[in-house]
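Please open the structure in your viewer and keep the selection tool at hand. Each stop below says what to select and then what is there.

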Amino acid sequence: MEKNKITIERTLRSRSKSIIWELISTPAGLSRWIAEEVRQEGEELIFTWGKPGQEYETRRATVLRKVKNQSLRFRWEDEDAPSAYTEIALVAPDVADELALRVTDYAEPDDEESVTYMWNHDLDRLQYKMGV
């Protein structure tokens with residue numbers, strides 16, 4: 001089944017590209033808002049969700065592109081759509097002195113709502129925990 005592209009953009013309360021870049025491009029930063037643990041092995045990111053000792057899901061992704069202070073693009077290893085990827089990008093909207101995150105992901109038509117909910121939840125977590 002063909003997947004649909006989903007794009008979510010969220011304005012941030014931080015003007016610091018370096019702080020936001022750290023949160024979206026490093027295992028330590030990603031561990032603060034996407035998963036409980038993120039490790040990197042070469043070009044692979046390993047995401048783990050669940051409490052210590054009660055791990056319930058681990059997914060691997062290959063980094064496709066990383067452009068400093070701009071974007072991180074990766075592809076889940078279990079992704080079956082050849083053109084699908086996940087990208088977290090730092091963008092500067094038209095409003096001066098504001099930064100935003102743009103998340104691009106792909107979902108099957110009947111999963112779009114749950115994927116959108118998941119990313120909005122993660123972005124809420126980022127803003128709440130990090131104050132951005």
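The tour goes from a pocket to some aromatic rings, then to a helix, and ends on a strand.

**Stop 1: the pocket**

Before you begin, keep in mind that this is a predicted model. Start with the largest pocket, whose volume comes to about 600 Å³. To find its middle, select R59, W76, D105, V115 and M118, which are the closest to the pocket centre out of the 25 residues that line it. Next, colour the elements that each give two or more residues to this lining, namely the strands β3 (44-49), β4 (57-67), β5 (71-76) and β7 (100-107), together with the helix α3 (112-130). Which element gives the largest share of the lining? That is α3, which supplies six residues. If you then colour the lining of this pocket by residue type, you should find eleven nonpolar residues, two polar ones and twelve charged ones.

**Stop 2: rings and charges**

Keep W76 selected, since this residue is among those closest to the pocket centre, and add R59, whose charged end sits over the ring of W76 at 4.1 Å from the ring centre. A second arrangement of this kind can be seen by selecting R73 and Y85, where R73 lies over the face of Y85, 3.8 Å from the centre of the ring.

Now turn to rings that pair with other rings, of which a search of the whole structure finds seven pairs. Select F47 and W49 and look at how their rings are placed: the centres are 5.9 Å apart and the planes meet at 15°, and because planes under 30 degrees apart count as stacked, this pair is stacked. Are these two residues buried or exposed? F47 is buried, with a relative accessible area of 0%, and W49, at 15%, also counts as buried because the cut-off for that word is under 20%. Add F74 and W76 to the selection, and you have the four residues F47, W49, F74 and W76 that form one aromatic cluster.

**Stop 3: helix α1**

Move to residues 17-25, which make up helix α1, and pick out I20, W21, L23, I24 and S25, which are the buried residues of this helix. If you show what surrounds them, you will see that these buried residues pack against α2 (27-30), β4, β5, β6 (86-91), β7 and α3.

Stay with W21, which is buried with a relative accessible area of 9%. Which residues does W21 touch, once those up to four places away in sequence are set aside? The answer is K66, V67, K68, N69, Q70, S71 and L72. To see how the chain comes back to this helix, draw a line between the C-alpha atoms of W21 and L72, which are 51 residues apart along the chain but are separated by 9.3 Å.

In the same helix, select K17, which is partly exposed, with a relative accessible area of 42%. Not counting residues up to four places away in sequence, K17 touches N69, L90 and L99. The C-alpha atoms of K17 and L99 are 7.9 Å apart in space, although their positions lie 82 residues apart in sequence.

**Stop 4: the loop at N69**

N69 has now appeared among the contacts of W21 and also among those of K17, which makes it a convenient residue to select next. N69 lies in the loop between β4 and β5, and with a relative accessible area of 26% it is partly exposed. Look also at its backbone, where phi is near 60°, a positive value in a residue other than glycine.

**Stop 5: strand β7 and strand β1**

Finish with A107, which lies in strand β7 and is buried, with a relative accessible area of 3%. Leaving aside its neighbours within four places in sequence, A107 is in contact with K3, N4, I6, E112 and V115, and V115 is a residue you have already selected as one of those closest to the pocket centre. For a contrast between sequence and space, select L126 as well: its C-alpha atom is separated from that of A107 by 22 Å, with the two residues 19 places apart along the chain.

The last selection is K5, found in strand β1 (residues 4-11). Outside the residues up to four places away in sequence, K5 touches Y85, T104, D105 and Y106.

Key: Residues are numbered from 1 along each chain as its sequence is written. This is a predicted model: local features need pLDDT of at least 70, side-chain atom pairs count only at pLDDT 80 or more; totals for chains, interfaces and linings use all residues. Side-chain values use heavy atoms; hydrogens and water are left out. On a 1 Å grid over the protein atoms alone, a cavity is a set of points where a 1.4 Å probe fits but cannot get out, and a pocket is an open set with protein on both sides within 12 Å along at least five of seven lines; lining residues have an atom within 4 Å of a point. Grid points are joined across faces, edges and corners, and a volume is the space filled by probe spheres set on the points. Helices (H or I, at least four residues) and strands (E, at least two) are DSSP runs, numbered from the N terminus. Ala, Val, Leu, Ile, Met, Phe, Trp, Tyr, Cys and Pro count as nonpolar, Asp, Glu, Lys and Arg as charged, and the others, Gly among them, as polar. Rings of Phe, Tyr and Trp (its six-membered ring) pair if their centres lie within 6.5 Å; planes under 30 degrees apart count as stacked, over 60 as edge-to-face and the rest as tilted. Buried means under 20% relative accessible area, exposed over 50%, partly exposed in between (1.4 Å probe, protein chains only). A charge sits over a ring if NZ of Lys or CZ of Arg is within 6 Å of the ring centre and within 35 degrees of the ring normal. Contact means heavy atoms within 4.5 Å.
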